[in-house]
Amino acid sequence: MARTILENIVIIHSEDVTSFKFCQYTSIRFFEILHFETGEGIIKINGRDVAYSPNSFFVFIPDDIYMVSANTPTTTTAIKFLKSFFNNPEQLNSNVSVNSWFRKIEGILCNENNQLRALEFQNEDDKTKLALLVELLYKEYLSNRTKDILIIENTLSIILQIITRNMKVVVSEKNTTAQSSKIQEIINYINANIYNPELLTNKVIASEFNISENYLNQYFKKNMDMSIKKYQVNYKLKLVENRLKFTDLHFSEIALEFGFTDASHLNKTFLAYKGETLGTFKANLS
């Protein structure tokens, strides 16, 4: 029987709570968005204390553990994607493919800053929009009268898009000012267009940033210690690892999604860069 998205997400809304229990879904949760609508207190994330305040957002990835200690009555909404969401994707009755959902959150999964859980917004407008969308989502989800799957899917999609564009992923450890540098802008461009190879040629990238191809190559290698092509392959394989970890997609499906000729081509590339085959990597996860 086909599953709907409602069977693979859990939305929990709590009002004016002063004591939070450990969530029963933690072990089967894949990804979570937590909105503190009101209240103040401390949220302990993987052993680290972080203060929360009204209208603050947090995101959690697999294996994250958190506990909330409220100092004042607190209203929250938690949106939890369960691990089952990405299992047996052919059985999911959704207007949006599992790959599309995964792409919306993979930038967060690939974030190398392990301390990043509190979401910082580039502008207050996005924060206001996100709060309104979360309210719309939980009200639709909890409504016994309507519960329109199309509205829920589209609202979730926009929520994830807003979160993704507000993530600040620093990938250049060599350059301490990477967030404000040209290299970070180039990296962000590559990551955002990794599924569009026609936009990732040196010629197109150089044109996008108004520099010559020769300078682009030299500048990128100087800052990242690798060529643009090697960075692109490395980033693709990092995304492939996440597919292997968190989905039941076949090797051939993953290869097709990332522009490899077939599973054999992907496997040879993975072996060359990672030192093990796809099958060995997958087997070692269990």
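1. Let me start with one residue pair: valine 10 sits across from lysine 80, which belongs to β8. Keep in mind throughout that this is a predicted model.

2. That pair takes us to the strands. β2 and β8 run antiparallel to each other, and seven bridges join them. Both belong to an open sheet of four strands, ordered β2-β8-β3-β6, with antiparallel pairing. At the edges you'll find β2 and β6 (56-60); each has a single partner strand, so one side of each lacks a neighbour in the sheet. From one strand to the next, the twist averages 10°.

3. Now look at what lies against the sheet. Helix α2, residues 124-142, packs on it and touches β2, β3, β6 and β8. The helix direction makes about 105° with that of β2.

4. On to the second largest pocket, with a volume of about 320 Å³. Its lining has 18 residues, and those closest to the centre are Phe20, Lys21, Cys23, Tyr66 and Lys80. So we meet Lys80 again, the residue opposite valine 10.

5. Which strand gives the most to the lining of this pocket? That's β3, with four residues. At least two lining residues each come from β2 (9-17), β3 (29-38), β7 (66-70) and β8 (74-82).

6. As for the chemistry of the lining of the second largest pocket, I'd note ten nonpolar residues, alongside four polar and four charged ones.

Methods. Residues are numbered from 1 along each chain as its sequence is written. This is a predicted model: local features need pLDDT of at least 70, side-chain atom pairs count only at pLDDT 80 or more; totals for chains, interfaces and linings use all residues. Side-chain values use heavy atoms; hydrogens and water are left out. On a 1 Å grid over the protein atoms alone, a cavity is a set of points where a 1.4 Å probe fits but cannot get out, and a pocket is an open set with protein on both sides within 12 Å along at least five of seven lines; lining residues have an atom within 4 Å of a point. Grid points are joined across faces, edges and corners, and a volume is the space filled by probe spheres set on the points. Ala, Val, Leu, Ile, Met, Phe, Trp, Tyr, Cys and Pro count as nonpolar, Asp, Glu, Lys and Arg as charged, and the others, Gly among them, as polar. Two strands pair if DSSP finds at least two bridges between them. Axes are lines fitted to C-alpha atoms, for helices over the stretch in contact, and angles run from 0 to 180 degrees between N-to-C directions. Contact means heavy atoms within 4.5 Å.
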